[in-house]
Amino acid sequence: MSDASALPKEAEEEEEATPEPEDQSDDSSGEEAAGDTEMDFLRNLFSSTLGLGSADKVLDELTLDGVAQYIKSGKCKNIICMVGAGISTSAGIPDFRSPGTGLYANLLKYNLPYPEAIFQIDYFKKHPEPFFALAKELYPGQFKPTICHYFMKLLKDKGHLRRCYTQNIDTLERVAGLEGGDLIEAHGTFYTSHCVSFSCRKEYDLDWMRDQIFSEDIPRCDKCSSLVKPDIVFFGESLPVRFFTSMKMDFPRCDLLLIMGTSLQVQPFAGLVGRVSKSCPRLLINMEKAGQADPLFGLLGFGGGMDFESDKAYRDVAHISTCDDGCLALAELLGWKEELEELVKQEHAKIDSQDKKEKAGESKGESGEVSSAASVAPEPTKEEEEEEEE
C-alpha cells in the first residue's frame, strides 16, 4: 500500500541522507544524527557477520493471536506505532501512488510539469496556486478518523502507547485524541504554518490557514507579505528536528512495533523498523507485505530486514488486510472490540453534531445577510446578533 502523506518515491535518495535541520539551536545535531547512522551500520554489520546479539523469541506464535497474547501478558507497555496513508484511505483521503485512484494519478488538472512538483519547495515558491487548490480538497476538518486511528487512541488510554510516528499530514491522529506529545509527525502537519521567509518565519494556526485557503486567497504573511506554507515537509526541506531526537529515545525502549498502512519505501522513515531491539516483535497490518529487505541489505543492517517467512523468522508478523479490519481483528483478540466500536460511534457522532451546528450557523448567517440587504432599515441589534452567529 502506498504512503498517502509520505513524500514521493523519486525523492527517496534525497531523503536517505540524514538532513541537518534548519531551525536547530545546536549546530552539532545533524552531525550527531549522521554519526549515529554510521554507528548503527557498523554495529549491525559486525553483529550479523559474527553472530552477535542473538535475541530471545518473545511471541509464542507468529500470528495476530500471538501478538494479542503478548499484549495481554502485561509485558508490553511501550508500543510504537508507525503509520502511513493506509490508515486514512477509509476516511476518503487518497494515497499517493495507487494506480488510477492515487493522488498522483489525478493531478493533470493542475498543469504541473510533473506530479511531484506540487510538493517541491522551489516550485511552490514560484507557483503556489496548485498546492493551495489541492489543499482545499484535502484540508483537515473534512474527514473523520478511522477505526485504526481510534485503536491507537485506545492503546494510549490503556497505557500501552509510547508514541505514534506518522507519515500523514491530515491531522486525523490529533482529531482521534492523540496529543502533541503522543505524536511524531515525521513529514510535518497542517496543524501549524509559517512564513517561508527565513528572516520572518511568523507562525500561523490551523484556523488562519483554513480561512485563507477557503477564501481562495494565496496565504501571505501579514508582517512581510511572503508566502505562508503549512508545516508539511516538501522536497528540499529538512524533516523536523524532533523526529531525529525522539527516535533515539523511543525505539530502544520499544517492546512492540506496530506498522500500519505504509509501504516502507520512503527513507528515513522506513529505516525506523531497524532501530528496535532484536527481541522486539514487529506486527505489520497492511494490504501487502512490506519492509522485507534484500538478504545483502539485511546483512549490512539497512532497514531492519522484516522477515515473515524464512526458517529463521522469530518476531515479525504480517496481517494482510485493510488497517481497519486488522485493528478490529486485533481488538477482538484483546477483548476490546466492543469498546473500540463504541468509541468510534461516539466520536463520529460528536463530529457529525459539531458539523451540523457549524453548517446551521453558516446558513443562518447567510440568510441574515440576504435579509439585511433587502431591508431598508434593519435593526442594529439584529445585525449584531447575525454577525455573532456568523
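Of the 390 residues in this protein chain, 45% count as buried, and I should say at once that what we are looking at is a predicted model. The chain carries 13 helices and 9 strands, and, among its contacts with a separation of 6 or more, 72% are between residues 24 or more positions apart. As for the surface, the chain exposes about 19300 Å², of which carbon and sulfur atoms supply 49%.

Let me turn to one helix. Which residues of helix 9, spanning 241-250, are buried? They are F243, F244, S246, M247 and D250, and the cover over these buried residues includes strand 1 (79-83), strand 2 (161-166) and strand 3 (183-185).

Next, the backbone, where a few loop positions deserve a look. In the loop between strand 4 (188-195) and strand 5 (203-205) we find R201, which has a positive phi of about 60° although it is not a glycine. Is R201 buried, partly exposed or exposed? Its relative accessibility is 29%, and because buried means under 20% and exposed means over 50%, R201 counts as partly exposed.

S225, which is likewise not a glycine, has a positive phi of about 75°, and this residue lies in the loop between helix 8 (206-214) and strand 6 (228-232).

Finally, there is a cis peptide bond, with omega at about 5°, and it joins Q267 and P268. Where is P268 found? P268 sits in the loop between strand 7 (256-260) and strand 8 (282-286).

Notes. Residues are numbered from 1 along each chain as its sequence is written. This is a predicted model: local features need pLDDT of at least 70, side-chain atom pairs count only at pLDDT 80 or more; totals for chains, interfaces and linings use all residues. Side-chain values use heavy atoms; hydrogens and water are left out. Buried means under 20% relative accessible area, exposed over 50%, partly exposed in between (1.4 Å probe, protein chains only). Helices (H or I, at least four residues) and strands (E, at least two) are DSSP runs, numbered from the N terminus. Contact means heavy atoms within 4.5 Å. Accessible areas come from the Shrake-Rupley method with a 1.4 Å probe; for residues, only the protein chains shown count as cover.
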